[in-house]
Amino acid sequence: MKDYSEKRDYYRMQLDSGIQITDSLGRSFTAICRDLSGTGMQLLVSEALEEGAEVHTLLPTTSDRFPPLETISKVVRCTPSADGYLLGLSIVQVKR
């Protein structure tokens, strides 16, 4: 049984890794993936994105044995932070 502090179905994995984002207009930029779970991720970006926007993400790996994580995700929240904006993304589809 999970303790009270973590009632999610998937645990969050803390990261600090570069991730590539492409928005629906085809604009591509780099962000920092702060955490990752089975259903979503939190990214630090330099510009705000609208809630509800769909984005393509590509999280590279450090090993040739594992392919990069590629997703279609939906922005569920965008909040200002000291370094830019924190995006909460819900993973809609894992492409690979």
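**Ser73 and the strands around it**

User: Let's start with Ser73: in which strand is it found?

Analyst: This is a predicted model, so to speak of positions here is to speak of a prediction. Strand 5 covers residues 69–81. Ser73 is found in strand 5.

User: Is Ser73 buried or exposed?

Analyst: The cut-off for buried is under 20% relative accessible area. Ser73 comes out at 0%. Because 0% falls under that cut-off, Ser73 counts as buried.

User: Which side chain makes a polar contact with the side chain of Ser73?

Analyst: Set aside the neighbours within four places in sequence, and Ser73 still has contacts, including Met41, Ala53, Leu89 and Ile91. The polar contact of its side chain, at 2.9 Å, is with another side chain, that of Thr71.

User: What is the bridge partner of Val55 in strand 5?

Analyst: Strand 4 spans residues 54–59, with Val55 on its covered face. Strand 4 and strand 5 run antiparallel and are joined by six bridges. Val55 is also among the contacts of Ser73. In strand 5, the bridge partner of Val55 is Ser73.

User: Which residues make up the uncovered face of strand 4?

Analyst: Strand 4 has two faces. The covered one holds Val55, Thr57 and Leu59. That leaves the uncovered one, with Glu54, His56 and Leu58.

User: Over on the other side of strand 5, how many bridges pair it with strand 6?

Analyst: Strand 6 takes in residues 84–94 and pairs with strand 5 in the antiparallel sense. As one example of who faces whom, Val75 stands opposite Leu89 in strand 6. For strands 5 and 6, the bridge count is 10.

User: Which residue of strand 4 does Gln20 stand opposite?

Analyst: Strand 1 and strand 4 pair in the antiparallel sense, over three bridges. Gln20 has its opposite number in strand 4. That residue lies on the uncovered face of strand 4: it's Leu58.

User: And Thr22, with which side chain does it make a polar contact?

Analyst: Thr22 has its place in strand 1, residues 13–22, and is partly exposed at 24% relative accessible area. Beyond its sequence neighbours within four places, Thr22 touches Arg27, Ser28, Val55 and His56. The polar contact spans 3.5 Å and joins the side chain of Thr22 to that of Ser28.

User: How far apart in space are Thr22 and Glu54?

Analyst: In sequence, Thr22 and Glu54 are 32 residues apart. Going from C-alpha to C-alpha, the gap in space is 9.0 Å.

User: Zooming out, in what order do the strands run around the closed barrel?

Analyst: The protein has zero helices and six strands, so to speak plainly, the element string reads β-β-β-β-β-β from the N terminus on. Those six strands form a closed barrel with antiparallel pairing, in the order 1-2-3-6-5-4. The twist from one strand to the next averages 45°.User: What percentage of the residues count as buried?

Analyst: The protein exposes about 6400 Å², and carbon and sulfur atoms supply 50% of that. Out of 96 residues, the share that counts as buried is 32%.

User: How many disulfides are there by the distance rule?

Analyst: A disulfide is a covalent bond between the sulfur atoms of two cysteines. Cys33 is buried at 0% relative accessible area, and Cys78 is buried at 17%. The rule asks for a pair of cysteine sulfur atoms within 2.5 Å. By that rule the count is zero.

How values were computed: Residues are numbered from 1 along each chain as its sequence is written. This is a predicted model: local features need pLDDT of at least 70, side-chain atom pairs count only at pLDDT 80 or more; totals for chains, interfaces and linings use all residues. Side-chain values use heavy atoms; hydrogens and water are left out. Buried means under 20% relative accessible area, exposed over 50%, partly exposed in between (1.4 Å probe, protein chains only). Helices (H or I, at least four residues) and strands (E, at least two) are DSSP runs, numbered from the N terminus. Contact means heavy atoms within 4.5 Å. A polar contact is a pair of N or O atoms within 3.5 Å; within protein, one must be able to donate a hydrogen and the other to accept it, and residues adjacent in sequence count only if both atoms are side-chain atoms. Two strands pair if DSSP finds at least two bridges between them. Accessible areas come from the Shrake-Rupley method with a 1.4 Å probe; for residues, only the protein chains shown count as cover.
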